[in-house]
Amino acid sequence: RVHGEIRMGNCSTKTPPAQTLLKPQSSFAAGATAAAQKEEQLLKLNEQDAAYLESVSVDAKWKGNKDIRGTDLSWYLPSDSNVIMTKGITEVRASANEIVEFVLPKTQEQSVLMLQTLYKNYTRDSDMEMKGGVAWIWVHISYGVSGIKDREFLFTLRHYQHPLGTHYVILNCLPKWDKHPPQKDLVRAEMRSTTGYIIRPISENRSQVTFLAMADPKGWFPIWLSNAVASTNGNIVCHLRDYFERKAQEIDKSQQTTTKD
């Protein structure tokens, strides 16, 4: 469990082993100890997931590489499952903190902007809430293909910064959310644990962003559509780069106007 919520990862939950206190503690001391244990568990979880993202990003299985305006896009479909793997790497004209703030929204309005910007080809509807410093997100995805049911995803986003400066925004499957029970007309797809952003500062206003996605669409999903989704999902980093490039150009233009005045 993370901050009292369900531990997210491959949509499975585990019950921690019962612990026995060696001696009576005051409610305040017990509460402080429990909080410290949760923080320690969250730190270990973040470290593990960050290390796993790094290992997957350099996995030799990636294929289908192509370069679009300085962006490396790769993907592969494991032969033993319907899981879709995608990777995109690009340089973004923004600080690492700015990028983290964008891909890890704090409000519903920020969440809508992020999803519409990065997943603009698919997102039909979305919802978001902050719970214990973790963003809970529901997304309705439509592929616009006759005979293919729309999908819904439940997942969380959390942030971890490595002591050396690299940022990780980690996406994990959310097993359930009472606010969004399963719907008959939607297939509940599954976000796997190998999903997230690796954001490396290059300079004060430039960062390298790697986006990794691993998702199981569930239900009937033809192989040609899996290939299409896998090859275009990496464009998320392109959308991210273009969004911040427009913002940077607006700032440059504003500063030029101010200088002239």
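Here are four worked exercises on this predicted model.

**Exercise 1: the strand with many partners**

Work out which strands pair with S11 (206-216), and how they run relative to S11.

*Solution.*
- Start with S3, which is joined to S11 by nine bridges, the two running antiparallel. Within this pairing, Ile-89 sits opposite Thr-210 of S11.
- Next take S10 (residues 195-203): seven bridges tie S10 to S11, again antiparallel. Ile-198 has Thr-210 as its bridge partner in S11. So you can find Thr-210 by starting from Ile-89 or from Ile-198, whichever you like. S10 and S11 also make a hairpin, with two residues between them.
- Then there's S9 (residues 190-191), which has two bridges to S11 and is antiparallel to it. Here Glu-190 stands opposite Asp-216.
- Finally, check how covered S11 is: nine of its 11 residues are buried.

**Exercise 2: empty space inside**

Find the cavities of 30 Å³ or more in the whole structure, then describe what lines the largest and the second largest.

*Solution.*
- The search turns up three cavities of that size.
- The largest holds about 280 Å³ of space, and 22 residues line it. Nearest its centre are Tyr-119, Phe-153, Met-191, Ala-215 and Asn-233.
- Now sort that lining by element. S3 (84-92), S5, S6 (151-161), S11 and H4 each give two or more residues, and S11 gives the most, with five.
- By chemistry, the lining of the largest cavity splits into 18 nonpolar residues, three polar and one charged.
- Move on to the second largest cavity, with a volume of about 50 Å³. Its lining includes Leu-118, Tyr-119, Lys-120, Asn-233 and His-239. H5 (235-260) supplies the largest share, three residues, and H4 also supplies at least two.
- This second lining breaks down into four nonpolar, five polar and one charged.
- Tyr-119 turns up in both places: close to the centre of the largest cavity, as one of the five residues nearest to it, and in the lining of the second largest.

**Exercise 3: the nonpolar core**

Identify the residues with the most contacts inside the largest nonpolar core, then trace what Leu-118 touches.

*Solution.*
- The largest core has 46 residues. Those with the most contacts inside it are Leu-118, Tyr-119, Tyr-143, Tyr-197, Ile-199 and Leu-240.
- Pick Leu-118 and skip residues up to four places away in sequence: Leu-118 then touches Phe-102, Val-103, Tyr-197, Ile-236, His-239 and Leu-240.
- There's a second, separate core too, made of 13 residues, with Trp-62, Val-83, Tyr-168 and Ile-170 among them.
- For background, nonpolar side chains in soluble globular proteins tend to be buried together.

**Exercise 4: a glycine and a hairpin**

Decide whether Gly-219 is buried or exposed, and say where it lies. Then look at the turn between S4 and S5.

*Solution.*
- Locate Gly-219 first: it's in the loop between S11 and helix H4 (223-233).
- Its relative accessibility is 53%, and the cut-off for exposed is over 50%, so Gly-219 counts as exposed.
- Beyond its neighbours within four places in sequence, Gly-219 contacts Arg-151 and Val-187. The C-alpha atoms of Gly-219 and Asn-82 are 9.4 Å apart, with 137 residues separating the two along the chain.
- Now the hairpin. S4 (residues 123-131) and S5 (residues 134-141) run antiparallel and are joined by eight bridges. Lys-131 has Val-134 as its bridge partner in S5.
- Two residues lie between these strands, and Gly-132 in the turn has a positive phi of about 60°.

Technical notes:
Residues are numbered from 1 along each chain as its sequence is written. This is a predicted model: local features need pLDDT of at least 70, side-chain atom pairs count only at pLDDT 80 or more; totals for chains, interfaces and linings use all residues. Side-chain values use heavy atoms; hydrogens and water are left out. A nonpolar core is a set of buried Ala, Val, Leu, Ile, Met, Phe, Trp, Tyr and Cys residues joined through side-chain atoms within 4.5 Å. Buried means under 20% relative accessible area, exposed over 50%, partly exposed in between (1.4 Å probe, protein chains only). Contact means heavy atoms within 4.5 Å. Two strands pair if DSSP finds at least two bridges between them. Helices (H or I, at least four residues) and strands (E, at least two) are DSSP runs, numbered from the N terminus. On a 1 Å grid over the protein atoms alone, a cavity is a set of points where a 1.4 Å probe fits but cannot get out, and a pocket is an open set with protein on both sides within 12 Å along at least five of seven lines; lining residues have an atom within 4 Å of a point. Grid points are joined across faces, edges and corners, and a volume is the space filled by probe spheres set on the points. Ala, Val, Leu, Ile, Met, Phe, Trp, Tyr, Cys and Pro count as nonpolar, Asp, Glu, Lys and Arg as charged, and the others, Gly among them, as polar.
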